[in-house]
Amino acid sequence: MSSVDYKSIASFLHLAEVEKREVVRITKETPLSIEDAYRVQEELVALKLEQGHRIVGPKMGLTSRAKMKQMNVEEPIYGYIFDYMVVPDGGSIKRQELIHPKVEAEIAFIMGKDIEGPGITGAQVLAATEYVVPALEIIDSRYENFQFTLPDVIADNASSSRVVIGNRPIRPDQLELDLVGVTLFINGEIKDLGAGAAVVGHPANSIAMLANMLARRGEKIKAGDVILTGGITGAAMLSVGDTVLAKADGLGEVSFKVS
Ligand code: OOG
Ligand code: MG
């Protein structure tokens, strides 16, 4: 039996987000298993729901080599995106509302049907997908120096902070998502680039993995969920005044400013 106090760790991380303060990572003092970490995340999600926030969809993280190498962790994780995190395409994020934000380019899926694991495949995900859009995710780990172990980042809702979703939805059968080239620009300069295949071979595989991970907790993907499949590129630091743009071949563009 674990004696970890999931609720108090969740409130500690919640407070760090609200107060925009870096905190010492949990596992420095309290060992957490992956299972413990998802229990903390569940409490954190419950806390946000109690405060009146709504879930937009689950998200996957650490699904590409670029991200795993950059963050020094080896396994995909999931978290949840809430309504207060959504920034309109072409809109702004406020630097003072965040701790040490970074941005990454992703492909997002808008689900047309529920998907319940286990045993879900990428092909089943594509059949249940209504639209795909390019997205920019702004991650803002609550931990000092953006450094963590796998259980730490799971407990911290996978560093979720803000998201900008492209507003030109495309049917998933219109393109080969693994072959889609994605370029991340900051202030007109290329910061990073990659292809859809960087995300576990195909972004739909990331969602299949998510459905199978959720099934272990008796949860499923729901029709209407907007789901980030994970950074194709490494994440780039943001500063006041930055203009960020992602272009995805056949999917179009998505952008925001940092004020
Ligand atoms: C964890 C969140 C990872 C992604 O797309 O890989 C993530 C982090 O890197 O802080 O959202
Ligand atoms: Mg991400």
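## A tour from helix α6 outward

Select helix α6 first: the elements that cover its buried residues include β1 (55–61), β2 (77–82), β5 (102–111), α4 (122–127) and β10 (226–228). The structure is a predicted model, in which local features need pLDDT of at least 70 and side-chain atom pairs count only at pLDDT 80 or more, while totals for chains, interfaces and linings use all residues. Residues are numbered from 1 along each chain as its sequence is written, and chains are lettered from A and ligands numbered from 1 in the order in which they are written.

Three terms recur on this tour. Helices (H or I, at least four residues) and strands (E, at least two) are DSSP runs, numbered from the N terminus. A residue is buried if 20 or more other C-beta atoms lie within 10 Å of its own, exposed if 12 or fewer, and partly exposed in between, with C-beta atoms placed from the backbone. Two residues are in contact if their C-beta atoms, placed from the backbone, lie within 7 Å.

**Stop 1: helix α6**

Keep residues 203–215 selected. This helix has 13 residues and reaches 19 Å from its first C-alpha to its last, close to the 18 Å expected at 1.5 Å a residue; the expected span is 1.5 Å times one less than the number of residues. Its buried residues are Pro 203, Ala 204, Asn 205, Ser 206, Ile 207, Ala 208, Met 209, Leu 210 and Ala 211.

**Stop 2: Ile 227 and the nonpolar core**

Move next to Ile 227, in strand β10. Ile 227 counts as buried because 29 C-beta neighbours lie inside 10 Å. Leaving aside neighbours within four places in sequence, Ile 227 is in contact with Ile 207 and Leu 210, and also with Gly 57, Pro 58, Lys 59, Ala 108, Phe 109, Met 111 and Ile 221. Add Ile 81 to the selection: 146 residues separate it from Ile 227 in sequence, yet the two C-alpha atoms are 8.4 Å apart.

Ile 227 also belongs to the largest nonpolar core, which has 75 residues. Such a core is a set of buried Ala, Val, Leu, Ile, Met, Phe, Trp, Tyr and Cys residues joined through C-beta atoms within 7 Å. Its members that touch the most others are Ala 108, Ala 135, Leu 136, Ile 207 and Ile 227.

**Stop 3: ligand 1**

Select ligand 1 and the 13 residues around it, of which Gly 61, Lys 67, Ser 159, Gly 230 and Gly 231 come nearest; a residue is near a molecule if its C-beta atom, placed from the backbone, lies within 6 Å of it. Two elements, α3 (65–71) and β6 (129–139), give two or more residues to this shell. By class, the shell has five nonpolar, five polar and three charged residues. Here Ala, Val, Leu, Ile, Met, Phe, Trp, Tyr, Cys and Pro count as nonpolar, Asp, Glu, Lys and Arg as charged, and the others, Gly among them, as polar.

**Stop 4: backbone details**

Most residues other than glycine have a negative phi, and most peptide bonds are trans. Against that background, select Ala 158, whose phi is near 55°. Ala 158 sits in the loop between α5 (150–155) and β7 (160–165), and it is buried because 25 other C-beta atoms lie within 10 Å.

Then select Asn 72, in the loop between α3 and β2, where phi is near 65°. Asn 72 counts as exposed because it has 10 C-beta neighbours inside 10 Å.

Go on to Gly 117 and Pro 118, which are joined by a cis peptide bond with omega about 0°. Pro 118 is in the loop between β5 and α4.

**Stop 5: helix α2 and Thr 27**

Select α2 (34–50). Its 17 residues reach 24 Å from first C-alpha to last, close to the 24 Å expected. Asp 36, Ala 37, Tyr 38, Arg 39, Val 40, Gln 41, Leu 44 and Lys 48 are buried in this helix, and the buried residues pack against α1, β2 and α5. Just after α2, Gly 52 has a positive phi of about 95°.

Step back to Thr 27, in the loop between α1 (6–18) and α2. Thr 27 touches Leu 32, Thr 149, Pro 151 and Asp 152, not counting residues up to four places away in sequence. The C-alpha atoms of Thr 27 and Pro 151 are separated by 7.7 Å, although the two residues are 124 apart along the chain.

**Stop 6: the annotated domain**

Finally, select residues 74–258, which UniProt lists in an unreviewed entry as "domain: Fumarylacetoacetase-like C-terminal". UniProt positions are given in the numbering used here, feature names are shortened, and annotations may be inferred rather than shown by experiment. Over this range the chain is 14% helix and 37% strand, and the end C-alpha atoms are 30 Å apart.
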